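Let's take a walk through this protein together. Have the sequence and the 3D view open, and follow along.

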Amino acid sequence: GRSAKRARLDWAGRVAMLPPDDARTLAARLVCFGFDGLEVNAHCARMLDLGCGAVILFARNVESPAQVARLCAEMKRRVSPRKLLVMVDQEGGRVARFKEPHFTAIPSAETVGNAADAANAARVVGDVVGKECRAVNVDMTLAPVVDVNTNPQNVVIGNRAFGTTPNAVGAAASAFVRACQSRGVAACAKHWPGHGDTTDDTHAATAITKHGLKRLRVVEIPPFVDAVKAGVASVLVAHVQVPGMENSTTSESPPPASKSAAVVGYLRERVGFGGVVMSDDMEMDALANLPGGIGQCAVDGLRATIDLFLACHTEQTQLEIIDALRSAIENDATGETRCYATDAHERLRVLADAFVDGADAAEANAYKLECSVLEGTTREVVGNPEDARRVRDACGTSPRL
């Protein structure tokens, strides 16, 4: 009867999450794509059908909570019975894809960190972010930022950081992680190994963290350790160069952290993080002129134990990464590259088991929100005035954040 049917469904889902034999499909599993539009368009459909393991939403994909929930449900149904990881940048402040009036306004991390009880403020914010992401079928938020804001000239971090000391950042980040993940939404600590004391923006140029390992261990790295101890599901690696963590003694320019075996290896081996490690957006200019192009950067990243590569905008870049990974898997006679890809697939599967909803649950969520629109009760699900009050009270902010 029903139990036998569920067993068959569960088995089908588990089989669907096994590493695919086909090299191109295996490569696609390790790519998170973005696309333009409010519904599943041709670009989105092609990437899903290729086997991409994740998708990232931006403001360009958001019209209303019910629309987001339905979009995510349709994408998840298209790839069912395997799971699709849906993520969004919902930090708060200037980096928030879900905004008023439909969603609760989330203040910047700096505002959270300046609250009288910063850990409690971060807990409340993490709870609301997790609640609203789960309501619209989003499985992960690319937050918290755990960079320490030690450089006033830093244009890319600034008020995205919880504070200027590692203890303050680590405490707030840990509270956010625990609260968000208790709502069933994965958190992501970024930007390893620290983007707080750079002056350049990796969206537009190469950025360098010039400190030696001794300083990094005292300032930049401890908040990541705190986030890992809090159980954070994923860590995002920046495209910053970190010569102080490299083993090389040559004068060659160090690789970006996102393709550095030394930098990612420190996270894995010294910090002890066994979860999903992802790259920052591979379309950033910091990678544009490196030898071999973006595709080779992805191959190097995979061999450094990066599990998931963000390609947030163009189909051309997304296909370039998939084809470069496929070629590396197929043409490595030792089989080592396939082992890296299979290990990455397994870490993504573990995260999916813990945080990623399947198509049935997503469709039920979408239906609930659509009904709430007809009944005029959407604000009981997302954008709840009580949640806005909780955030304001915890952060000590006025009604207009």
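Start with Cys 339, which is partly exposed, at a relative accessible area of 47%. Keep in mind as we go that this is a predicted model. Another cysteine, Cys 312, sits at 3% relative accessible area and so counts as buried. Do any cysteines link up here? The structure has zero disulfides. For Cys 312, the closest cysteine sulfur belongs to Cys 32, and at 6.3 Å that is too far for a bond; a disulfide would need the two sulfur atoms within 2.5 Å.

Now look for the sheet. It's an open one with five strands, running in the order β6-β3-β2-β1-β10, and the pairing is parallel. The edges are taken by β6 (140-141) and β10 (309-311); each has a single partner strand, so one side of each goes without a neighbour in the sheet. What holds such strands together? In general, strands of a sheet pair through backbone hydrogen bonds, in either a parallel or an antiparallel way. Zoom in on β1, residues 31-33, which pairs with β10 in the parallel sense over three bridges. Within that pairing, Val 31 stands opposite Phe 309 of β10.

From β10, move over to helix α11, which spans residues 293-303. Eight of its 11 residues are buried, so the helix is largely enclosed by the rest of the structure. Among those buried residues are Ile 294, Cys 297, Val 299 and Leu 302, and glycines turn up too, including Gly 293, Gly 295 and Gly 301. Which elements do the buried residues of α11 pack against? They pack against β10, along with α12 (315-331) and α13 (336-355). Just after α11 comes Thr 305, which takes a positive phi of about 80 degrees.

Leu 302 also gives us a handy starting point for a jump across the model. Pro 65 is 237 residues away from Leu 302 in sequence, and the two are 35 Å apart in space, C-alpha to C-alpha. Pro 65 lies in helix α4, residues 65-79. Is Pro 65 buried or exposed? Its relative accessibility is 4%, so Pro 65 counts as buried, given that the cut-off for buried is under 20%. Leaving aside residues up to four places away in sequence, Pro 65 touches His 102, Phe 103, Val 136, Leu 369 and Val 382.

Phe 103 on that list brings us to the aromatic rings. The count of aromatic pairs comes to four. One of them joins Phe 33 and Phe 35: their ring centres are 6.0 Å apart and their planes meet at 35 degrees, so this pair is tilted. Phe 33 is buried, with 0% relative accessible area, and Phe 35 counts as buried at 0% as well. Another pair is Phe 98 with Phe 103, where the centres are 4.5 Å apart and the planes are at 15 degrees, so the pair is stacked; planes under 30 degrees apart count that way. Phe 98 is buried at 2% relative accessible area, and Phe 103 counts as buried at 3%.

One last stop: find Trp 192, Phe 224 and Tyr 266, which form one aromatic cluster.

Key:
Residues are numbered from 1 along each chain as its sequence is written. This is a predicted model: local features need pLDDT of at least 70, side-chain atom pairs count only at pLDDT 80 or more; totals for chains, interfaces and linings use all residues. Side-chain values use heavy atoms; hydrogens and water are left out. Helices (H or I, at least four residues) and strands (E, at least two) are DSSP runs, numbered from the N terminus. Buried means under 20% relative accessible area, exposed over 50%, partly exposed in between (1.4 Å probe, protein chains only). Contact means heavy atoms within 4.5 Å. Rings of Phe, Tyr and Trp (its six-membered ring) pair if their centres lie within 6.5 Å; planes under 30 degrees apart count as stacked, over 60 as edge-to-face and the rest as tilted. Two strands pair if DSSP finds at least two bridges between them.
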